[in-house]
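Student: Please take me closely through one part of this predicted model, namely the charged side-chain contacts that tie separate stretches of the chain together. I would like to know what surrounds them as well, in enough detail to follow on the screen.

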Amino acid sequence: MPRYKLVLEYDGMPFVGWQLQENGLSVQGRLTEAIKAFSGEDTVPRGAGRTDAGVHALGQVAHFDLAKDWEPDKVRDALNAQLRPDPVSVLACERVPDSFDARFSASARHYLYRIVTRRSPLALDRNRAWHVLHALDAGAMHDAAQALVGHHDFTTFRSSECQAASPVKTLDRLAVTGTGNEIRIEASARSFLHNQVRSMVGSLKLVGEGRWTAHDLRKALQVRDRAACGPVAPACGLYLVKVDY
């Protein structure tokens with residue numbers, strides 16, 4: 001029974017998230033329907049990350065098994081045909097060993113968060129970035145962010161609904177750069193807690209506004225209290241960029 005690995009791109013706005021849910025359309029659900037439509041087989045693909053409603057993907061990874069052996073290019077093209085007109089695209093498909101698991105085989109996940117700072121409303125970037133009406137100090141945000149890099153208890157930056165067994169994670173990279181009126185926050189780790197990236201971004205925005213200092217961010221981390229977190233950044237600015245194996 002061959003196993004297939006997919007690399008996917010999608011616009012998260014129409015979906016309740018990656019994971020199958022009863023309350024709306026999910027990326028996993030649409031992919032399940034597409035697999036059934038072209039192969040006749042009932043199989044639920046497993047993803048590398050359970051992106052939330054409104055979160056986008058440039059390089060989500062999923063895997064699934066089929067009884068029939070199909071050429072990977074045919075699987076890619078057949079799925080894309082079945083997924084239309086929903087904003088989901090299969091960028092690549094390949095056969096992988098049975099030991100491959102999109103979630104558990106991953107060695108790193110890379111996320112990007114986009115903030116656009118300007119007075120005028122967003123047209124092309126509407127629902128693609130967090131629209132902030134005033135300038136932010138990207139340098140101060142980057143310097144403060146380094147306090148979060150490393151092995152820490154991230155309870156402060158964890159959703160109250162997070163189901164992870166432990167709040168302890170190792171954040172490998174958190175970089176903030178600014179070009180023109182766009183601020184890009186890049187985060188890399190083997191795995192993340194629920195809402196961790198958006199929680200960190202919301203707190204870093206306070207630093208960029210001058211309302212928090214680097215010391216305030218470090219203190220918020222150290223108290224290990226969700227109430228100490230800044231506002232959670234909106235989902236529309238977050239992208240799952242890449243998964244390493």
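Tutor: What follows starts with the chain as a whole, then turns to the salt bridges and their surroundings, and ends with the core and the cysteines.

The model is a predicted one, and the secondary structure of its protein chain comes to five helices and 10 strands. The radius of gyration is 19 Å, close to the 18 Å that the globule rule gives for 245 residues, so the chain is as compact as a globular protein of that length. Along the principal axes, the C-alpha trace spans about 60 × 40 × 30 Å. Of the 245 residues, 51% count as buried, and the accessible surface comes to about 11600 Å², with 48% of that area belonging to carbon and sulfur atoms. For your request, the contact pattern is a useful background: if one takes the contacts between residues at least 6 apart in sequence, 71% of them join residues at least 24 apart.

Now to the charged contacts themselves. The structure holds 20 salt bridges, and one of them is formed by the side chains of Lys5 and Glu94, with 3.8 Å from N to O. This pair links distant parts of the chain, since Lys5 belongs to strand E1 (residues 3-10) and Glu94 to strand E4 (residues 88-96), 89 residues apart. Are its partners buried or exposed? Lys5 counts as buried because its relative accessibility is 16%, whereas Glu94, at 39%, counts as partly exposed.

The salt bridge to look at most closely here is that of Asp52 with Arg198, whose closest N and O atoms are 3.7 Å apart. This pair, too, links distant parts of the chain: Asp52 sits in the loop between strand E2 (46-47) and strand E3 (56-65), Arg198 sits in helix H4 (residues 196-208), and 146 residues separate them. Asp52 has a relative accessibility of 23% and therefore counts as partly exposed, while Arg198, with a relative accessible area of 15%, is buried. The cut-off matters in reading these values, because buried means under 20% relative accessible area.

Arg198 also has a neighbour from another loop. Pro234 is found in the loop between helix H5 (214-223) and strand E10 (238-244), and the C-alpha atoms of Pro234 and Arg198, which are 36 residues apart along the chain, are separated by 7.1 Å. Not counting residues up to four places away in sequence, Pro234 touches Tyr113, Trp130 and Arg198. Pro234 itself counts as partly exposed, with 28% relative accessibility.

Other charged contacts can be set beside this one. Arg211 and Glu209 meet through their side chains in a salt bridge of 3.1 Å, N to O; here Arg211 is exposed, with a relative accessible area of 59%, and Glu209 is partly exposed at 22%. A further group, made of Arg114, Asp125, Glu182 and Arg184, is linked in a network of salt bridges.

Helix H4, which carries Arg198, also matters for the nonpolar interior. The largest nonpolar core has 69 residues, and Leu79 and Ile185 touch the most other members of this core. Its largest share, six residues, comes from H4. In soluble globular proteins generally, nonpolar side chains tend to be buried together. Leaving aside neighbours within four places in sequence, Leu79 is in contact with Leu6, Leu31, Ala34, Ile35, Phe38, Phe64 and Val90. The next residue to inspect is Asn80, which lies in helix H2 (residues 72-83) and is buried, with a relative accessible area of 15%. With neighbours within four places in sequence again left aside, Asn80 is in contact with Val88, Ser89 and Val90. Val90 therefore appears in the contact list of Leu79 as well as in that of Asn80, and strand E4, which holds Glu94 of the Lys5 salt bridge, runs over residues 88-96.

Finally, what of covalent links between cysteines? The structure holds zero disulfides. Cys162 is in no disulfide, and the nearest cysteine sulfur, that of Cys229, is 13 Å away; Cys229 is likewise in no disulfide, with the sulfur of Cys162 as its nearest at 13 Å. Cys162 counts as buried at 13% relative accessibility, and Cys229 also counts as buried, at 13%.

Methods. Residues numbered from 1 in each chain as written. Predicted model: local features only at pLDDT ≥ 70, side-chain atom pairs only at ≥ 80, totals over all residues. Heavy atoms only, no water. Disulfide = S-S within 2.5 Å. Buried < 20%, exposed > 50% of the residue type's maximum accessible area, 1.4 Å probe, protein only. Salt bridge = Lys/Arg side-chain N within 4 Å of Asp/Glu carboxyl O. Helix = DSSP H or I, 4+ residues; strand = E, 2+ residues; numbered from the N terminus. Rg over C-alpha atoms; globule rule 2.2 N^0.38 Å. Contact = heavy atoms within 4.5 Å. Areas by Shrake-Rupley, 256 points an atom, 1.4 Å probe, with all protein chains shown as cover. Core = buried A, V, L, I, M, F, W, Y, C linked by side-chain atoms within 4.5 Å.
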